[in-house]
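Colleague: Could you take me through a few features of this model, with the terms explained as we go?

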Amino acid sequence: MPSPRFAVISEGATDYEVIHSILAGFFADDAIVVRQLQPNPATPQHGNWAEVLKYCSSERFAGAFHDNDFVVIQIDTDVCERAPFNVPRSAPDGQLRSVSELIEAVRLRLIDSVGLALYQQRQHQILFAICVDAIECWLLPLHLSDERRAAASGCLETLKACLAARNKPLSKKHGHYRRLAQGYTDAATLRAHADVNPSLSRFIADLRAVFPAR
């Protein structure tokens, strides 16, 4: 059976590369179809969290399912309190939200952007890749062997320091992130690291729920 076709709405081309690698490893399919919708590959400079929200609330979102079986919405939580993102890091009782609670709050915010009616129609085809607090947190398990692999904050600086120690400076170019995430294209490596980082673990758990035979 061929792998399903995915489209990705993400903050940037670097985020797309990480999601692509994870999907390739999850399905053990290097040739899996994973299309980048946002940012538009023709204008990759137009990428950030605001563009993700804009895309989800536009007519383009409904069209994302025309040639794709599933749509992955990726967003970081590092600036989730900024307008118009408007997701507080603290719960109404004033307590700092846990990773799972923050993911759920951001998920509801994305559903609000999509619109409840459209979401209810397409929810079985939508996956949320919510990175607490950045996509770099999902790369740490591949490049570290200590407790920092499970970090949910400061991950960009941690990854930079890790690579600098190996004389491999971090580049925000998508090709560099493709190489950084390459390990996840191996199914065994992905399984070994899938539960190390809490928000990565949630994304993998959601994939397993939709595709239990994988």
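The exchange below covers a helix, a pair of helices and a cavity.

Modeller: This is a predicted model, in which local features need pLDDT of at least 70 and side-chain atom pairs count only at pLDDT 80 or more, while totals for chains, interfaces and linings use all residues. Residues are numbered from 1 along each chain as its sequence is written, and side-chain values use heavy atoms, with hydrogens and water left out.

Colleague: How is H2 oriented relative to H4?

Modeller: Helix H2 (residues 49-56) packs against helix H4 (residues 99-114) with the axes 7 Å apart and at an angle of about 50°. Angles under 35 degrees count as roughly parallel, over 145 as roughly antiparallel, 65 to 115 as roughly perpendicular and the rest as oblique. The angle therefore makes H2, relative to H4, oblique.

Colleague: Which residues of H2 make the contact with H4?

Modeller: Contact means heavy atoms within 4.5 Å. On the H4 side it is made by Arg 109, Leu 110, Ser 113 and Val 114, and on the H2 side by Val 52, Leu 53 and Cys 56.

Colleague: Is helix H6 (residues 135-143) largely enclosed or open?

Modeller: Buried means under 20% relative accessible area, calculated with a 1.4 Å probe on protein chains only. The buried residues of H6 include Trp 138, Leu 139 and His 143. Because eight of the nine residues of H6 are buried, the helix is, with respect to the rest of the structure, largely enclosed.

Colleague: How much space lies in the largest cavity?

Modeller: A cavity is a set of points on a 1 Å grid where a 1.4 Å probe fits but cannot get out, and lining residues have an atom within 4 Å of a point. Ile 103, Arg 107, Phe 128, Ile 130, Arg 202 and Asp 206 form the lining. The volume, taken as the space filled by probe spheres set on the points, is about 30 Å³.

Note on methods: Axes fitted to C-alpha atoms, helices over the stretch in contact; angles between N-to-C directions. Helix = DSSP H or I, 4+ residues; strand = E, 2+ residues; numbered from the N terminus. 1 Å grid on protein atoms, 1.4 Å probe; cavity = no way out; pocket = protein on both sides within 12 Å on 5 of 7 lines; lining within 4 Å. Buried < 20%, exposed > 50% of the residue type's maximum accessible area, 1.4 Å probe, protein only.
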